[in-house]
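Here are my notes for when you have the model open. They go point by point, so feel free to skip around.

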Amino acid sequence: MTDISISIPGEEAKTVAAGITAQEALKELLSKKQRKQAIAVLCNGEATDLSATLQADTVLELIPADSDEGVHILRHSTAHIMAQAVKELFGQDVKVAIGPSIEDGYYYDFDRDPAFNPDDFVAIEERMAEIVKARLPFERRMMPIAEALAFFADQGESYKVELLKDLETKGEESVSLYQQGAFIDLCRGPHIPDTSWLKSFKLLRVAGSYWRGDERNPMLTRIYGTAFSDKKDLKKYLNRIEEAKKRDHRKLGKELALFTIQDEVGPGLILWQPRGAMLRKLIEDYWKDAHYKNGYELLYTPHIARQDLWKTSGHLDFYGENMYSAIEIDEVAYQLKPMNCPFHIGVYNATKHSYREFPVRWCELGTVYRYERTGALHGLMRVRGFTQDDAHIFCRPAQLEEEIFNIIDLNLQVLKTFGFTDYDVYLSTRPEKYVGSDEHWDLSTKALQGAMEKKGLAYEVDPGEGVFYGPKIDIKIKDQLGRSWQCSTIQVDFNLPERFGMTYTGQDGAEHQPIMIHRALMGSLERFIGVLIEHYAGAFPLWMAPEQARILNITDAQADYCSGIYSELRQAGVRVEQDLRNEKLNYKIREAQMMKTPYMLIIGDREMEEGTVTVRKRNGDNLPPMTPQEFADLVRKECEQGTA
Ligand SMILES: [Zn+2]
Ligand SMILES: [Zn+2]
């Protein structure tokens, strides 16, 4: 028998006989307490089952159950257990497709008619619990691919057969199968040692999903579920999805009368209702003001352009599938804009430029149109027409780092104003296919890094994930529930200035090509407002609340007095409404609270006599009575603080 050496990184190696399992090897190397949490193991860096046998020298590292990798293995194993339960319960009526782990959980796709629905969950969960209790080991075995094909074909598992045929085409000779109980699945693994490791799980929802994401393929039922190594974490997660449901911007958008999407108009097209339009106007005003203060100038550009422009820009070649079909005008083809950039270049090329006027900073709230599949559309988050908070900066290479710094500075300031102070920052560097010289790439990557470091911003590098025309910075913000949203992006571009022959006169009197920076801070207004609605659960800070205050009278006797205050406050710039209906005060208060109105101004006989209003906050707190003018001052001050 051959001897092999086994070790834990940084520890002394031990010599053992080959054929020992990873589990046994851990016993040799670690105390019971140390290895207790091991759900699987890294063998020479590769995730492996504890039951695997070791045939060569191996460095072992624990994968604890509560680590990211451990939870991923647990969730993926839960998918197998769920598929086992489904097959046991629904037998021959069901074909299984695939079941990966995903962020926050896992899913498994099933082919069944009728489709599964949440009413089936209780039975499936009960059967899963029995499987867990039975402590069935996950057993791995290798099988020649021809044998596996025959095995799954025999079971009528046509999706597995299709997957195997692909593997065969790729030249695989054998595949690994995992079995727990009588259920056998095609899988690379690794898995939990046995089903008893699954202690806290939950089925969450179903969705339709096309096999391999292709609309020409059959529609499968996807059952989503999740699992955690700790019951407390599951509970926390379930609370979070409950909270997310309450905050769903589609639900709140309707309740707060912010926006509507109608089939008659078309999917993915937003109609802003008055309150939503006001919210948007306030955000736009703040945005324009912040840009003006930071040295930007505003542009307006059209929604369509000649198709030739999109040829020159390269959008038709590189981005054509996201663009809508041509519109013919006077026998010339035009297309809706998917981006604003070529228009800003048009403005640039309208006049001659000198290095003296650099940097040029132009911004626009530019509405663009991009094709999204119907199935991908989602409220305000994924739409077909949206407004980018776009800007383009043209500068000299030497100005790049400072400009990036300025952008980041403004970016973080804007995000902070909207209540986002927690974010993840990514730097994407040169991909395999790229345009521009290596020198330019190095210069701009260094400029992006330098600016972030100067700003004290921690970032992660995504190697090779830059756009073909230049490196970029992406900022993902975290909302109240800890969810990440990609919003801001800053991209350096060597491509468009070249394509459009942009120049400026340098200090040396010769013509040079400017560097172009594309950037958006919020990304799109639609999506950002969707995020804001969920972040604040619709209770917007005063400065962006579409309705800041609502006047409520106690009886009809105060109606005229109320109307007077209404006019006075509107004149003073307060966004005020009045509810003078002959309804009980409590009823009217409840309605105002449902609309998340920050202030209620309650007016009875005493207020009328004293010329005051009683101010009630949306959280139920009362402020001492004050004059309408004092209230207007309070609103103004609070708004100033909000956007300071
Ligand atoms: Zn698996
Ligand atoms: Zn652009």
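**Notes on the metal sites, a cavity and one helix residue**

1. Start with the zinc ion (ligand 1): its protein donors are His76 (NE2), His80 (NE2), Cys187 (SG) and His191 (NE2), lying 1.9 to 2.2 Å from the metal. Bear in mind that this is a predicted model, so these distances are computed from it.

2. What geometry does the site of the zinc ion (ligand 1) have? The site is tetrahedral, with angles of 94 to 128 degrees among the four donor atoms. Along the chain, the donors of this zinc ion (ligand 1) follow the spacing H-x3-H-x106-C-x3-H.

3. That site ties together distant parts of the chain. His76 belongs to helix α3 (residues 68-90), while His191 sits in the loop between β13 (183-186) and β14 (200-210), and the two are 115 residues apart.

4. Are His76 and His191 buried or exposed? His76 has a relative accessibility of 13%, so this histidine counts as buried, the cut-off being under 20%. His191 counts as buried too, because its relative accessibility is 1%.

5. Next, the zinc ion (ligand 2). Its protein donors are Cys341 (SG), His392 (NE2) and His518 (ND1), lying 2.0 to 2.3 Å from the ion. If you look for them in the sequence, the spacing to search for is C-x50-H-x125-H.

6. Here again a pair of histidines links distant parts of the chain: His392 is in strand β23 (residues 385-395) and His518 is in strand β30 (residues 515-524), 126 residues apart. Both His392 and His518 are buried.

7. How many cavities of 30 Å³ or more turn up in a search of the whole structure? There is one, and the largest cavity holds about 80 Å³ of space. It is lined by 14 residues, and those closest to its centre are Arg275, Gly538, Phe540, Pro546 and Met595.

8. What is the lining of the largest cavity made of, by class? Eight residues are nonpolar, two are polar and four are charged.

9. Last, have a look at Arg636, which is found in helix α20 (residues 628-642). With a relative accessible area of 43%, Arg636 is partly exposed, because that value falls between the 20% and 50% cut-offs. Its C-alpha atom is 7.9 Å from that of Val574, though Arg636 and Val574 are 62 residues apart along the chain.

How values were computed. Residues numbered from 1 in each chain as written. Chains lettered and ligands numbered in written order. Predicted model: local features only at pLDDT ≥ 70, side-chain atom pairs only at ≥ 80, totals over all residues. Heavy atoms only, no water. Helix = DSSP H or I, 4+ residues; strand = E, 2+ residues; numbered from the N terminus. Buried < 20%, exposed > 50% of the residue type's maximum accessible area, 1.4 Å probe, protein only. 1 Å grid on protein atoms, 1.4 Å probe; cavity = no way out; pocket = protein on both sides within 12 Å on 5 of 7 lines; lining within 4 Å. Points joined across faces, edges and corners; volume = space filled by probe spheres on them. Nonpolar A, V, L, I, M, F, W, Y, C, P; charged D, E, K, R; others polar. Donors = N, O, S within 2.8 Å, 3.2 Å for Na, K, Ca; no water. Tetrahedral: all angles 85-135°; square planar, octahedral: opposite > 155°, others 65-115°.
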